[in-house]
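These are my notebook entries on a structure I looked through, kept in the order in which I looked things up. I begin with a single residue and work outward from there.

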Amino acid sequence: MGTKNTRKVNITETVLRDANQSLIATRMPFSDMEDILTALDEAGYHSLECWGGATFDSCLRYLNEDPWQRLEKIRSRVKKTKLQMLLRGQNILGYKHYPDEVVRKFVAKSVECGMDIFRIFDALNDFRNIEVAVDETKKRKAHAQGCICYTTSPIHNLENYAKMVKQLEEMGVDSICIKDMAGIMGPQEAYDLIKTIKETVKLPVYLHTHSTTGLGPITQIKAVEAGCDGLDCAISSFSGGTSQPSTETIDYALKQMGYTTGLNDSVLKKINDFFKPMKAKYIASGQMDAFVMGTETDALVYQIPGGMLSNLIAQLKAQNAMDRLDEVLEETPRVRKDLGYPPLVTPMSQMVGVQAAANVLSGERYKNVSKEVKAYLRGEYGKAPGEIDPELIKKVLGDEKPIEGRFAETLEPQFDKVKAELGKLARSDNDVLSYIAFPQIAEKFFKDREERTTTTVSYTIVKK
Ligand code: CO
């Protein structure tokens with residue numbers, strides 16, 4: 001008894017990134033996390049997810065923070081624990097594809113600022129869209145984690161998932177992550193999937209899920225029983241709901257089952273005591289809404305992510321068409337099938353939802369097609385997981401042929417050109433990358449920064 005489970009399960013803390021993003025739309029300023037970073041470093045986590053996803057955008061757009069400096073500041077306080085980020089492959093942090101040299105530069109600069117682990121994914125699981133980022137990560141001696149977006153469909157079976165992990169292994173990734181962005185993976189699915197992956201490749205396997213539907217913690221435990229090497233958790237005051245399962249709870253359960261986590265319980269308590277009043281503050285200011293904290297099982301009924309469901313409802317309300325919701329919910333899986341079963345992750349979830357609503361409200365399927373869906377049909381997002389309905393391609397594209405190759409190869413290099421255009425406004429190559437990722441908001445951020453600097457300088461002179 002007690003000897004069979006001495007295996008270590010790695011825990012990644014998400015409070016700085018995914019919990020922050022899922023519960024308060026990534027509005028936590030650096031000043032709210034600064035004083036707990038040393039404790040986070042002492043807790044014994046495998047890694048701290050602290051960057052990427054929406055943090056970059058939010059820093060520039062809402063928080064008036066330089067995202068690169070935030071990363072450097074975290075690095076200067078977190079000396080032992082690995083820092084981790086989420087990278088959308090060829091899309092970097094946005095929704096469109098960037099040329100390879102920009103992707104490489106972005107990875108290189110992130111490593112320079114202190115990033116250790118790059119979790120790299122593509123919304124369609126088209127791994128041609130992550131290979132450049134993976135390659136550069138390896139070149140910079142950082143850890144490349146190849147990610148698979150989890151979804152269910154007739155073609156997303158164990159056999160296909162096994163093929164995908166084989167592909168990732170051949171690409172040279174250091175570990176695998178299964179990303180269940182909607183929290184719809186059940187415990188048995190997790191068990192079977194992780195078991196299959198462990199039988200297929202020798203790499204460490206991580207599971208990323210959310211508590212949205214309430215399945216999260218149960219699914220995590222079954223995943224560990226199947227051999228999963230690491231889990232994403234959020235400190236309890238920032239856990240549950242659309243965030244991750246609670247760090248302390250999973251740590252407690254795993255230790256009781258005989259696993260080791262390396263986590264120090266008293267440091268975890270200290271971290272949670274720090275974040276508790278922070279949570280109260282966000283609730284009081286209205287930044288944390290009751291809705292995101294609850295358990296939402298509709299996603300299981302409709303097999304679509306909770307976020308997508310609330311978007312659909314908002315869209316129909318705006319068009320005074322809430323009475324058509326049931327029809328739209330029936331149309332959604334049909335559109336997804338026509339499009340070759342894309343995983344319902346950003347940006348595909350929005351594209352499928354908007355199209356399903358348009359098909360119902362206009363009274364004719366694909367009478368109106370968004371420019372995003374057109375680009376998707378042209379192959380600009382990559383290869384669909386399944387076959388796209390040939391009739392639909394014909395109807396929308398006419399004689400135009402979809403591209404077969406990697407869309408990024410059609411893009412011209414842009415770094416040097418943008419750098420020259422920005423001139424003095426960009427103070428570093430990092431600034432140039434911020435601008436390429438988010439042109440308007442980065443420009444505004446640079447201009448505000450100039451103004452702040454000038455004000456400070458004149459203030460100093462006056463004082464003298
Ligand atoms: Co997530």
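Entry 1, a tryptophan. I looked up Trp51 in this predicted model and found its relative accessibility to be 0%. Because buried means under 20% relative accessible area, Trp51 counts as buried. I placed Trp51 in strand β2, which runs over residues 47-52. I then checked its distance to Arg70, which is 19 residues away along the chain, and the C-alpha atoms of the two are separated by 8.9 Å.

Entry 2, overall dimensions. I wanted to know how the chain compares with a compact globule, and for 464 residues such a globule would have a radius of gyration near 23 Å, which agrees with the 23 Å of the chain. Along the principal axes, the C-alpha atoms fill a box of roughly 70 × 65 × 45 Å. Of the 464 residues, 55% count as buried. For the secondary structure I noted 21 helices and eight strands.

Entry 3, domains. The chain is divided into domain 1 (10-284), domain 2 (297-408) and domain 3 (414-463). I also took down the separation of the C-alpha centres of domain 2 and domain 3, which is 38 Å.

Entry 4, the metal. Which residues are the protein donors of the cobalt ion? I found Asp18 through OD, His208 through NE2 and His210 through NE2, lying 2.1 to 2.2 Å from the ion. Written as a sequence pattern, the spacing of these donor residues is D-x189-H-x1-H. I looked up the accessibility of both histidines as well: His208 is buried at a relative accessible area of 1%, and His210, at 6%, also counts as buried.

Entry 5, the largest pocket. Its volume is about 1,300 Å³. Of the 44 residues that line the pocket, those closest to its centre are Gln21, Ser22, Gly307, Thr346 and Gln350. I sorted the lining by class and have 19 nonpolar, 18 polar and seven charged residues. I then asked which elements each supply at least two residues of this lining, and the list is α1 (18-24), α3 (55-61), β3 (82-87), α12 (290-293), α14 (306-318) and α16 (348-361). The largest share, five residues, comes from α14. Where does the largest pocket lie with respect to the domains? Domain 1 and domain 2 both give residues to the lining, so the pocket lies between them.

Entry 6, enclosed cavities. How many cavities of 30 Å³ or more does a search of the whole structure find? I recorded four, and I followed up two of them.

The largest cavity has a volume of about 80 Å³. Its lining includes Tyr150, Thr151, Asp180, Met181, Gln303, Pro305, Arg336 and Leu344. By class, the lining residues divide into seven nonpolar, three polar and two charged. At least three of them come from each of domain 1 and domain 2.

The second largest cavity has a volume of about 50 Å³, and is lined by Asn91, His97, Asp122, Ala123, Leu124, Pro347, Met348 and Tyr381. Here the classes come to five nonpolar, two polar and one charged. Domain 1 and domain 2 both give residues to this lining too, so the second largest cavity lies between them.

Entry 7, a cis peptide bond. Pro347, one of the residues lining the second largest cavity, is joined to Thr346 by a cis peptide bond with omega about 0 degrees. I placed Pro347 in the loop between α15 (325-338) and α16. Thr346, the other partner in the bond, is among the residues closest to the centre of the largest pocket.

Entry 8, positive phi. I looked up two residues other than glycine that have positive phi values: Asn320, near 55 degrees, and Tyr341, about 55 degrees. Asn320 lies in the loop between α14 and α15, whereas Tyr341 lies in the loop between α15 and α16. Are these two residues buried or exposed? Asn320 is exposed, with a relative accessible area of 74%, while Tyr341, at 16% relative accessibility, counts as buried.

Methods: Residues numbered from 1 in each chain as written. Predicted model: local features only at pLDDT ≥ 70, side-chain atom pairs only at ≥ 80, totals over all residues. Heavy atoms only, no water. Donors = N, O, S within 2.8 Å, 3.2 Å for Na, K, Ca; no water. Buried < 20%, exposed > 50% of the residue type's maximum accessible area, 1.4 Å probe, protein only. Domains from an automatic or database assignment. 1 Å grid on protein atoms, 1.4 Å probe; cavity = no way out; pocket = protein on both sides within 12 Å on 5 of 7 lines; lining within 4 Å. Points joined across faces, edges and corners; volume = space filled by probe spheres on them. Helix = DSSP H or I, 4+ residues; strand = E, 2+ residues; numbered from the N terminus. Nonpolar A, V, L, I, M, F, W, Y, C, P; charged D, E, K, R; others polar. Rg over C-alpha atoms; globule rule 2.2 N^0.38 Å.
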